[in-house]
Amino acid sequence: MTPKIVLTVTGIIQVIFAIGIFFGAGGLASDGIPEISEQALWLGSTFVEVMAAMSLGTGIILLLSRDIEISGAKKVLMGAGISFLIVISVMIFHLIKNADMQGGKPPIPIVIVFSVLAVWSLYVAIVGDSTE
């Protein structure tokens, strides 16, 4: 498996994720809070939109890294894999911390997708094909 394939797929997934959370910011910000104030909703939505912008930027970096030399692409994948592990750690923290709450937890499918991306990125960065 070449780094180019992994960078392409993970980049596309990041861009789709960013677009989804940007347009769902209000719903994500108010999840589990039945009587949220307008000011709190605005603040929460702003944070979600910033997270979406950062995810979009990450996706663009991954997509633009597809055509760099293999050693550089593997370094980008190592960084992406470590970043995905950090994101997964935060998701698991919130799953545990908010276990007894209605909202405030990441959806399990998202945790699974990011886990797969982390393992795949790290695997290809460490032992992936070094030829084009």
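Rings of Phe, Tyr and Trp (its six-membered ring) pair if their centres lie within 6.5 Å; planes under 30 degrees apart count as stacked, over 60 as edge-to-face and the rest as tilted. The model is predicted: local features need pLDDT of at least 70 and side-chain atom pairs pLDDT 80 or more, while totals for chains, interfaces and linings use all residues. Residues are numbered from 1 along each chain as its sequence is written, and side-chain values use heavy atoms, leaving out hydrogens and water.

Select F17, F84 and F114, which form one aromatic cluster. Across the whole structure there are three aromatic pairs. In one of them, F17 and F114 meet edge-to-face, 5.1 Å centre to centre with 75° between the planes. This pair joins distant parts of the chain, since F17 lies in helix 1 and F114 in helix 5 (residues 108–127), 97 residues apart; helices are DSSP runs of H or I, at least four residues, numbered from the N terminus. Both F17 and F114 are buried (under 20% relative accessible area; exposed is over 50%, partly exposed in between; 1.4 Å probe, protein chains only).

Turn next to F22 and F23, an edge-to-face pair because their ring centres are 5.3 Å apart and their planes at 90°. F22 is partly exposed at 39%, whereas F23 is exposed at 67%.

Finally, select helix 3, where the buried residues are G44, S45, V48, A52, S55, G59 and L62. Their cover includes helix 1 (3–23), helix 2 (25–30) and helix 4 (70–97). S45 has 11% relative accessibility; beyond its neighbours within four places in sequence, S45 contacts A25, G26 and A29 (heavy atoms within 4.5 Å).

Note on methods
Helix = DSSP H or I, 4+ residues; strand = E, 2+ residues; numbered from the N terminus.
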